[in-house]
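Subject: Handing over the model

Hi,

Here is the structure I promised to pass on. Have a look at it first, and then read my notes below.

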Amino acid sequence: MRKFISFSAAAIFLLAACNEPYDPIGRNRPAPVLLISPLELAFDGDGGSLVSNISTNAESITIGDLPEWIEDVTVSEDLASVTVTTSANNASSEPRRGTVRLICASGDNSATQYMRVYQAGKGCNIAFTPFSGKNYPSGWTAEDQNTLSIGNGYVSIKSDDVPGYIYTCNTEFDPSAVRYYFSVDMKMSGEGGVKLYVNDNPLQVVEIYLGYNAAANRGGIWVKNGETWYAMDDGVIGSGACDNQYGEMVPLADPSERDDWWRLVVFTTETAPNQPVVQVQSLRTFNGEVLPLGVCYSRKFSFAKATAGRVALWGRNYESQFRNFLLSYQK
């Protein structure tokens, strides 16, 4: 009899529990999901508004602190989209980079996504390709498609011998009497870099490539314009001053304090397109933001005056990986 009463009591308790309203709190609440596409937005120098799509199971989304030049970030009432508005870049010819942090919560759990925002320099247009998707960007031209592959947030170019292969941007710019700023993040297991002013005149093409041996903590940079070598600086990256140095350089940080990615930068300092600066910066990712630790190589060059051309990523030997291609240029 006692067993029957005990069983009946348990059954009544379970039945009552099943009839109670669902209370999705704590571990019963579904894990939060926050998907944003695209995760990168690129603005011309005049600023404006761009929209990304959102997919989430959360009831609300909050926005973290914003850089001053990002005027506003607004999430739609149905949580289906986010609009980012930037002010005009009237301060500098150098592009801006910023991060927007979006957070949603479900019970005791939360999910965070980091949107990266890029803006061209003053009065400039922007060509930007993050290589963060699963597909190749539209309009780019591969010298040999078999040398390309899409990885986890990067594009890879492989070559089994010099001179390698190039992957060319679909944007043509004319450096004559205007300013430009180019950068790309690179991870090297061999040699790789860029070619500038790719056009029908091979004497105008500027070849820039890097090599770095992580085990020896030693790297080099090589620069060639047409048939003329301008630099073959083995071991210069992070090791001190060099000829025609532009600005300050810092010693290369310990590998444990930096990413295994580099940022190659090429920009003009005045309206003379034949005097660009070539820089190499070391990077560190912190709280979803990629931060430059300092300039490890910086040198100003004088090249043959170039007409309109394109920028090509260059896998010169073995494998090079690229992400965050950015070109800020005046038309």
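What follows is a run through what turned up, starting with how far to trust the coordinates.

This is a predicted model, so to speak of local features a pLDDT of at least 70 is needed, side-chain atom pairs count only at pLDDT 80 or more, and totals for chains, interfaces and linings use all residues. Numbering starts from 1 along each chain as its sequence is written, and side-chain values use heavy atoms, with hydrogens and water left out.

**Confidence**

pLDDT is the predictor's confidence in each residue, from 0 to 100. The chain averages 86, and 87% of the residues score at least 70. The stretch to watch is residues 1-24, where pLDDT stays under 50. For that stretch the model has five contacts (heavy atoms within 4.5 Å) beyond four places in sequence. Where pLDDT is low, the predicted coordinates should not be read in detail.

**The four-stranded sheet**

Strands here are DSSP runs (E, at least two residues), numbered from the N terminus. Two of them pair if DSSP finds at least two bridges between them. An open sheet is built from four strands in the order S1-S3-S6-S5, with antiparallel pairing. S1 and S5 are at its edges with a single partner strand each, so one side of each has no neighbour in the sheet. From one strand to the next, the twist averages 25° (the axes are lines fitted to C-alpha atoms, and angles run from 0 to 180 degrees between N-to-C directions).

Going across it, S1 is joined to S3 by four bridges, and Leu-34 has Thr-56 in S3 as its bridge partner. S3 (residues 48-56) is in turn joined to S6 by six bridges, with Leu-50 opposite Val-84 in S6. In S1, Leu-34 and Ile-36 make up a covered face, while Leu-35 and Ser-37 make up an uncovered one. As background, side chains in a regular strand alternate between the two faces of the sheet.

**S19, S20 and S21**

Towards higher residue numbers, have a look at S20 (residues 276-286). Eight of its 11 residues are buried, so S20 is largely enclosed by the rest of the structure (buried means under 20% relative accessible area, exposed over 50%, partly exposed in between, using a 1.4 Å probe and protein chains only). Strand S19 (residues 262-268) runs antiparallel to S20, with seven bridges joining them; Trp-262 stands opposite Ser-282 in S20. S21 (residues 289-300) is also antiparallel to S20, with 10 bridges between the two, and here Val-278 faces Arg-299 in S21 as its opposite number. S20 and S21 form a hairpin with two residues between them, and Asn-287 in that turn has a positive phi of about 50°.

Lys-300 belongs to S21 and is partly exposed, at a relative accessible area of 23%. Leaving out residues up to four places away in sequence, Lys-300 touches several others, including Asn-244, Tyr-246, Glu-270 and Pro-276. The side chains of Lys-300 and Thr-269 are joined by a polar contact of 3.3 Å (a pair of N or O atoms within 3.5 Å; within protein, one must be able to donate a hydrogen and the other to accept it, and residues adjacent in sequence count only if both atoms are side-chain atoms). The C-alpha atoms of Lys-300 and Val-266 are 9.5 Å apart, with 34 residues separating the two along the chain.

**Backbone details to check**

There are cis peptide bonds to keep in mind if you set this up for calculations. One joins Ser-37 and Pro-38, with omega about -5°; Pro-38 lies in the loop between S1 (34-37) and S2 (40-43). Another joins Val-162 and Pro-163, with omega about 15°; Pro-163 is in the loop between S12 (155-159) and S13 (165-173).

As for positive phi outside glycine, Leu-79 is near 60°. Leu-79 is in the loop between S5 (70-75) and S6 (81-86), and counts as buried at 15% relative accessibility. Tyr-197 also has a positive phi, of about 60°, but lies in strand S15 (residues 191-198), and is buried at 0%.

**Cysteines**

How many disulfides does a search of the whole structure find? Zero, taking a disulfide as a pair of cysteine sulfur atoms within 2.5 Å. Cys-104 is buried, with a relative accessible area of 1%, and Cys-296 is buried with 1% too.

Cheers
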